[in-house]
Amino acid sequence: MTRSISELRSQRWFASSDIRGFAHRQRTQQMGLRREEFMGKPVIGIINTWSEMSPCHAHLRDRAEAVKRGVWQAGGYPVELPALSVGEVMVKPTTMLYRNFLAMEVEELLRCHPIDGCVLLGGCDKSTPGLLMGAISMDLPAIFCPAGPMSNGQWRGAKTGAGTHTKTYFDKLRRGEITATDWVDLESRMTRSAGTCNTMGTASTMTSIIDAMGLTLTGASSIPAVDSGHPRMASLCGERIVEMVFEDLRPSSMLTRESFLNGLAAYMALGGSTNAAIHLLAMAGRAGIALKLEDMAQMSAKIPVLANLFPSGTYLMEDFHFAGGLPALLKKLSDHLHFDARTVENRTLGEAIAAGECWNDDVIRDLDTPVVPLSQGRTLALLKGNLAPNGAVVKSSAADPKFLKHEGPALVFDDPGTMMRVLDDPDLDITQDTVLVLRNAGPVGAPGMPEWGNLPIPKALLKRGVKDIVRICDGRMSGTHYGTCVLHVSPEAAVGGPLALLRTGDIVALDIEAGRLDMRVAEDELERRRAELAPPRPLYESSFTALYQRHVSQAHEGCDFDFLSGVRNLPEPAIY
Ligand code: FES
Ligand code: MG
C-alpha cells in the first residue's frame, strides 16, 4: 500500500489554509527553515533518549544528526524530540519505576505533534521497552535505532564485561583477593566508550530481541556504538522511515504472535536477561497479542544457550558482532523461527537473514555444541507452587547445577538494609543449604521492582569459597549477573502474596526441572499466619509513584499500567 502526502497526519497541521495552518507554518519558519524545506514532506520524529545522566546513550546526540541526514536524503522533514532517559546506573530507586513513564511520554509526544513516523533512539535496559511500548500504542510507522554496545573491556590482561565483572571484582575485594587501590584503578578502565553494556545483560537482550522481531534494520543490534558503521546504520534508519511512512508500515501491520515467538527464540539462544520476560509481556499487551510466561518456558525448553557471552559464557558483544551478530545466530535457529514474519525493511525475516553467516563458531555455537546444554540449565525456567502461585522465573543456565533441585531452610529479610548488615557479618551462622529470601521488592512494594534479586553471598560463606546459593526475591536481577536467583515471585509480598507468609527456618523446596517452588508449611499454619499478617505498608499519597502503585500490574502480567495495556482506539487530536 502506498499513501500520498495529503493522506499523512502531519498535513492536518501544515496544509490547511486556516489560521492554525498559518501559525504552524509561520512558527516552523521562525526556526530558520524555508517553506520548501518542510512543506509537502512527511514529518519524522526522532525520539532521543540522550542525557548526561545516561553514559550508555552519550553518543545519541550525534546519532540523531545521522538519522536526520538520512531523512533529508529521502525527502522527509526530521524533528528531534527529547524523551526521558532511563539510564540504568544513575536512576533511583530503579529505572523500572519509570519504564511506563517513558512509554506514556513517547505515545503522547507522537500523538500531540504533527508526526508521521518515528525513529526511536535508545538501548540502555528499560529505554528499549519504554520506547517500543509507546510506539506500539500510538501505532505510527516506527523503526528502532539501537544505541549499540560499548567496546570490549580489558583490565590487566583479562576481558571485563560491564556489570558482570563489577560484581566479580567486588566479590574478590570482599574476599581480599584485590586491594582497595586495585578497585579504584578498575573504575576508570572497565567501560571504555559510549554504548550499552557489552555483556548479554538486559540492554543487549532487549535490542537483540527487537532485532529478531523485525523492528530494527536487520542485524543493527550488535553494531558497536562507536564503530563507523553505527552512524551509517542510523542514517539508513532515517532513509527507511520515510519510505515506511508512504508504505504505511505500522507496528500493527507487522507484529504478530509469530514475531514475538521469533523474539523468544533469539532470547533463549542468547541466554538473555530475565528482565526481558517482563518487558515482552508488556509489549505484547500493548499490541493486543496473547503471550504468557508459559510460552517463554516452552521456548526455553527447546533452545539452549548458543551465544557464548558473559554472564553465561566468555565473550563480549563486540566479539558477537564480528562473529556475524544476530543474523548468524538466527540462521542457526532456522527450525524454530517463523520466517514469514515481517520486518521494518518490508520483507520477511527469512529474506532478511538469508545472507547471514557465522565467522566464529565458538562465539556463536551450533545447536549441538551449546554453551549450556539443556540438561544443565535454561535461559528462563518458570516455577509455580505455594510460594509463587502466578509464577516466578529463574535463569538456570546461570545457576550452579547442584541447585537445580534443592531443599533448605529459609533466611528471610523484609528490607535490603537489614539484609546487607546481617550478610556482612563474617561470623554469621549459615550453611550453603540456606535459602536467602528478600521480599517487599516487587512492583508495588519497593516500589518499582528494583534489581535487588541477586542477593549477596553472605561474607561467612564467601570466606569458605562459596560462589552460589539459592536466593528468592519478588524483585528483579540485573541481566549481567548470575547465580541461582529465583525472581519475579508473583504475586509479590506487598500485595499479600504467599511470600509474605514465609518465616526464617521454614523449609523451601526448589525443583527447577519440575517447575516447582514451594514452602513446606502446612495449609492450616499458612491460614493462621495469613490472619496475623501485618497490614501492608501504606502506598504513596502523591507523585508519579502514587499513580504507579495504584495501576501497575504484577510481574507475570508485564508490570504495565492497567489503563495503558491493550490496543487503543483514540481519535486524533482536535486542531482548532
Ligand atoms: Fe546502560 Fe547497562 S547500564 S546498558
Ligand atoms: Mg542492567
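User: In this predicted model, what percentage of residues 41-351 is helix?

Analyst: This predicted model can be read alongside a UniProt record, which places the feature "domain: Dihydroxy-acid/6-phosphogluconate dehydratase N-terminal" (unreviewed entry) at residues 41-351. The end C-alpha atoms of that span are 30 Å apart. Strand makes up 9% of residues 41-351, and the helix content is 49%.

User: What percentage of residues 362-559 is strand?

Analyst: Residues 362-559 carry the UniProt annotation "domain: Dihydroxy-acid/6-phosphogluconate dehydratase C-terminal" (unreviewed entry). The end C-alpha atoms of the span lie 37 Å apart. Helix accounts for 15% of residues 362-559, and strand for 22%.

User: How many helices and strands are there in the protein, and what is its radius of gyration?

Analyst: The protein has 21 helices and 14 strands. For 576 residues the globule rule gives 25 Å, and the protein comes close to that value, so it is as compact as a globular protein of that length. Along the principal axes, the C-alpha trace spans about 80 × 55 × 50 Å. The radius of gyration is 24 Å.

User: Of the contacts with a separation of 6 or more, what percentage comes from residues 24 or more positions apart?

Analyst: Of the 576 residues, 56% count as buried. Among contacts in the protein with a separation of 6 or more, the share from residues 24 or more positions apart is 78%.

User: Which residues have the most contacts inside the largest nonpolar core?

Analyst: The largest nonpolar core has 175 residues. This core draws at least three residues from each of domain 1 (41-153 + 191-352) and domain 2 (380-532). Inside the core, the residues with the most contacts are Val119 and Leu120.

User: Which residues does Leu120 contact, leaving aside neighbours within four places in sequence?

Analyst: Some of the partners of Leu120 are Leu131, Leu132 and Ala135, and these three are also listed among the buried residues of H6. The full set for Leu120, with near neighbours in sequence left aside, is Ile47, Leu131, Leu132, Ala135, Ala142, Phe144 and Cys145.

User: How many residues of H6 are buried?

Analyst: H6 has 12 residues and reaches 17 Å from its first C-alpha to its last, close to the 16 Å expected at 1.5 Å a residue. The helix is mostly covered. Its buried residues include Ser127, Gly130, Met133 and Met138. The number buried is 12 of 12.

User: Is Asp139, just after H6, buried, partly exposed or exposed?

Analyst: Asp139 lies in the loop between helix H6 (127-138) and strand S4 (142-146). Its phi is positive, about 60°, although the residue is not a glycine. A residue needs 20 or more other C-beta atoms within 10 Å to count as buried, and 12 or fewer to count as exposed. Asp139 has 18, so it is partly exposed.

User: Is Arg156 buried or exposed?

Analyst: Arg156 lies in the loop between strand S5 (153-155) and strand S6 (158-160). Like a glycine it is not, yet Arg156 has a positive phi of about 50°. With 10 other C-beta atoms within 10 Å, Arg156 is exposed.

User: Which residue with a positive phi follows H10?

Analyst: Helix H10 (residues 229-247) has 19 residues. From its first C-alpha to its last H10 reaches 26 Å, close to the 27 Å expected at 1.5 Å a residue. The residue that follows H10 has a phi near 55°, and it is Asp248.

User: Where is the peptide bond into Pro447 found, and what is its omega?

Analyst: Pro447 is found in the loop between strand S10 (435-438) and helix H19 (459-462). The peptide bond from Ala446 to Pro447 is cis, with omega near -10°.

User: What is the omega of the peptide bond from Ser490 to Pro491?

Analyst: Pro491 is found in the loop between strand S12 (485-490) and strand S13 (507-511). The bond from Ser490 to Pro491 is cis, and its omega is near 0°.

User: How far apart in space are Thr484 and Asp400?

Analyst: Thr484 is found in the loop between strand S11 (471-473) and S12, and is buried, with 25 other C-beta atoms within 10 Å. Beyond four places in sequence, Thr484 touches residues including Val394, Asp400, Phe403 and Ile469. Thr484 and Asp400 are 84 residues apart in sequence, but C-alpha to C-alpha their separation is 6.5 Å.

How values were computed: Residues numbered from 1 in each chain as written. Chains lettered and ligands numbered in written order. Predicted model: local features only at pLDDT ≥ 70, side-chain atom pairs only at ≥ 80, totals over all residues. Helix = DSSP H or I, 4+ residues; strand = E, 2+ residues; numbered from the N terminus. Rg over C-alpha atoms; globule rule 2.2 N^0.38 Å. Contact = placed C-beta atoms within 7 Å. Expected span 1.5 Å × (residues − 1). Core = buried A, V, L, I, M, F, W, Y, C linked by C-beta atoms within 7 Å. Domains from an automatic or database assignment. UniProt positions renumbered as here; feature names shortened; annotations may be inferred.
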